[in-house]
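Open the model in your viewer and keep the selection box handy. The tour goes stop by stop, with a selection at each one.

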Amino acid sequence: MARGRLLRELARELVPSDLLRFVPKGFETIGDIAILNLPRELDEYKFEIARALLRRLSPHIRLVVRRASPARDPERVHEYEVLAGSGGLETLHKESGCIFKVDISRAFFSSRLQYERARIAGLVRPGEVVVNMFAGVGPFSIVIAKRVPDVKIYSIDVNPEAYKLMVENVKLNRVEDKVVPLLGDAAEVVDLYNLKGVADRVLMPSPEHAINYLAKAVESLKARGFIHYYDVARRVKDLRGYVLERVSPILDGAGARWRVEGVREIRSVAPSKSYVCADLYVERKVMD
Ligand SMILES: C[S@@+](CC[C@H](N)C(=O)[O-])C[C@H]1O[C@@H](n2cnc3c(N)ncnc32)[C@H](O)[C@@H]1O
């Protein structure tokens with residue numbers, strides 16, 4: 001049964017009819033944890049709804065939580081309130097033939113990016129060098145490494161907890177020969193580890209930070225290559241126009257020749273905001 005329908009069916013038994021409109025349209029699952037973001041209007045019923053959901057989804061789900069804080073920057077990690085079930089916030093999540101150890105209280109992870117990760121992995125060609133500037137616990141890098149022969153992926157994250165989990169995940173998925181986990185600020189790591197001019201492709205999967213690191217992503221490319229640029233677009237009817245306005249000053253300022261190959265809406269994050277990925281083809285100005 002669709003998740004929204006299941007929630008509405010459970011809530012009909014527990015919540016007065018005038019509050020049913022506040023029941024969320026779905027929930028996210030990461031491993032055996034369900035993240036159910038009930039709004040404040042349903043506070044009085046939150047434990048009952050969560051217990052009912054747990055009863056229905058057990059044993060696949062053992063814990064139901066809700067976000068209790070906005071994402072902390074720069075790690076993009078939330079605090080969570082446990083609504084039902086037991087055990088900690090660490091879990092194993094399976095996706096695209098890979099397995100990820102995740103702790104949602106220590107490092108960012110979203111199962112909603114599964115399609116996007118598979119899409120990007122489908123674009124990578126054998127033999128490529130990839131720089132992933134915002135790698136988290138490693139899902140983009142590891143999905144690529146599992147699918148594509150002979151790749152090298154430099155995987156950077158500034159959160160030490162994400163880095164530790166990424167190192168574990170690289171081992172769990174046996175891709176040590178392809179994924180190189182690196183701890184630190186993406187711009188500093190590119191300089192420190194001499195990742196300038198090495199990449200066929202740069203991934204920037206952090207919509208909050210990508211714009212500030214775009215010039216460094218260009219530096220990281222070989223003479224030409226692709227940048228997958230993520231952003232939260234504030235003009236949902238003109239995603240391409242929004243992206244062009246954001247990236248043009250930086251790419252033109254770097255002296256690059258470039259074009260937008262495509263802009264994809266990953267999901268809507270508010271009535272007038274969309275999480276987007278722009279695939280950019282860039283020819284870097286190479287200094288003699
Ligand atoms: C939205 S999460 C995406 C993580 C990962 N790509 C995924 O899909 O699970 C953004 C990640 O960027 C990391 N981050 C934020 N600022 C950073 C920086 N300056 N340098 C490197 N990583 C950074 C955060 O710690 C976080 O793990």
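This is a predicted model. Begin with helix H4, residues 139-147. Helix H4 is mostly covered, with seven of its nine residues buried. Colour the buried ones: Pro139, Phe140, Ser141, Ile142, Val143, Ile144 and Ala145.

**Stop 2: the seven-stranded sheet**

Now show the open sheet of seven strands. Read across it in the order E9-E8-E7-E10-E11-E13-E12. The pairing is mixed. Which strands stand at the edges? They are E9 (179-183) and E12 (257-270). Each has a single partner strand, so one side of each lacks a neighbour in the sheet. Ignoring direction, neighbouring strands here are turned by 15 degrees against each other on average.

Zoom in on strand E7, residues 129-132, and strand E8, residues 152-157. They pair in the parallel sense over four bridges. Pick Val131, then find its bridge partner in E8, Tyr154.

Stay on E7 and show side chains. In a regular strand, side chains alternate between the two faces of the sheet. Val129 and Val131 point one way from E7. Val130 and Asn132 point the other way. Are these four residues buried or exposed? All are buried.

Next, add helix H5, residues 160-172. H5 lies across E8 and E9. Its direction runs at about 165 degrees to that of E9.

**Stop 3: strand E12 and Val263**

Move to the edge strand E12 and select Val263, which is in that strand. Val263 counts as partly exposed because its relative accessibility is 25%, between the cut-offs of 20% and 50%. Show what Val263 contacts beyond its neighbours within four places in sequence: Leu239, Arg240, Val243, Val276, Cys277 and Ala278. For a distance check, pick the C-alpha atoms of Val263 and Leu280. They are separated by 8.9 Å, with these positions 17 residues apart along the chain.

**Stop 4: helices H7 and H8**

Select helix H7, residues 210-220, and helix H8, residues 239-253. Two packed helices are described by the angle between their axes and the distance between the axes. H7 and H8 pack at about 40 degrees, with their axes 10 Å apart. Their crossing is right-handed. From H7, show Ile211, Leu214, Ala215 and Val218. From H8, show Arg246, Val247, Ile250 and Leu251. Together these residues make the contact. By class, seven are nonpolar, none polar and one charged.

Stay on H8 and pick Ser248. Ser248 is buried, because its relative accessible area is 18% and the cut-off is under 20%. Setting aside residues up to four places away in sequence, Ser248 touches Gly253 and Trp258. Now pick Asn37 as well. The two C-alpha atoms, of Ser248 and Asn37, are separated by 36 Å. Along the chain these residues are 211 residues apart.

**Stop 5: helices H1 and H2**

Go to helix H1, residues 3-14, and helix H2, residues 46-57. Their axes are 10 Å apart, and the packing angle is about 130 degrees. That angle makes H1 oblique to H2. H1 passes H2 in a right-handed crossing. Which residues make the contact? On H1, select Leu6, Leu7, Glu9, Leu10 and Leu14. On H2, select Glu48, Ile49, Ala52, Leu53, Arg56 and Leu57. The contact has eight nonpolar, no polar and three charged residues.

**Stop 6: the four-stranded sheet**

Show the open sheet E1-E2-E3-E4, listed in order. Its pairing is mixed. Strands E1 (28-30) and E4 (80-85) stand at the edges. Each has a single partner strand, so one side of each is left without a neighbour in the sheet. The twist averages 30 degrees from one strand to the next.

Pick out strand E3, residues 63-67. E3 pairs with E4 in the antiparallel sense over five bridges. Arg67 has Tyr80 of E4 as its bridge partner. Bring H2 back into view: H2 packs on this sheet, touching E3 and E4. The direction of H2 makes about 55 degrees with that of E4.

**Last stop: Ser111**

Select Ser111, in the loop between strand E6 (98-103) and helix H3 (114-123). Is this residue buried or exposed? Ser111 counts as buried, at 14% relative accessibility. Leaving out residues up to four places away in sequence, show what Ser111 touches: Glu28, Thr29, Ile30, His93 and Arg117.

Note on methods:
Residues numbered from 1 in each chain as written. Predicted model: local features only at pLDDT ≥ 70, side-chain atom pairs only at ≥ 80, totals over all residues. Heavy atoms only, no water. Axes fitted to C-alpha atoms, helices over the stretch in contact; angles between N-to-C directions. Helix = DSSP H or I, 4+ residues; strand = E, 2+ residues; numbered from the N terminus. Parallel < 35°, antiparallel > 145°, perpendicular 65-115°, else oblique. Left-handed = near helix turned anticlockwise from the far one by under 90°. Contact = heavy atoms within 4.5 Å. Nonpolar A, V, L, I, M, F, W, Y, C, P; charged D, E, K, R; others polar. Buried < 20%, exposed > 50% of the residue type's maximum accessible area, 1.4 Å probe, protein only. Pairing = 2+ DSSP bridges.
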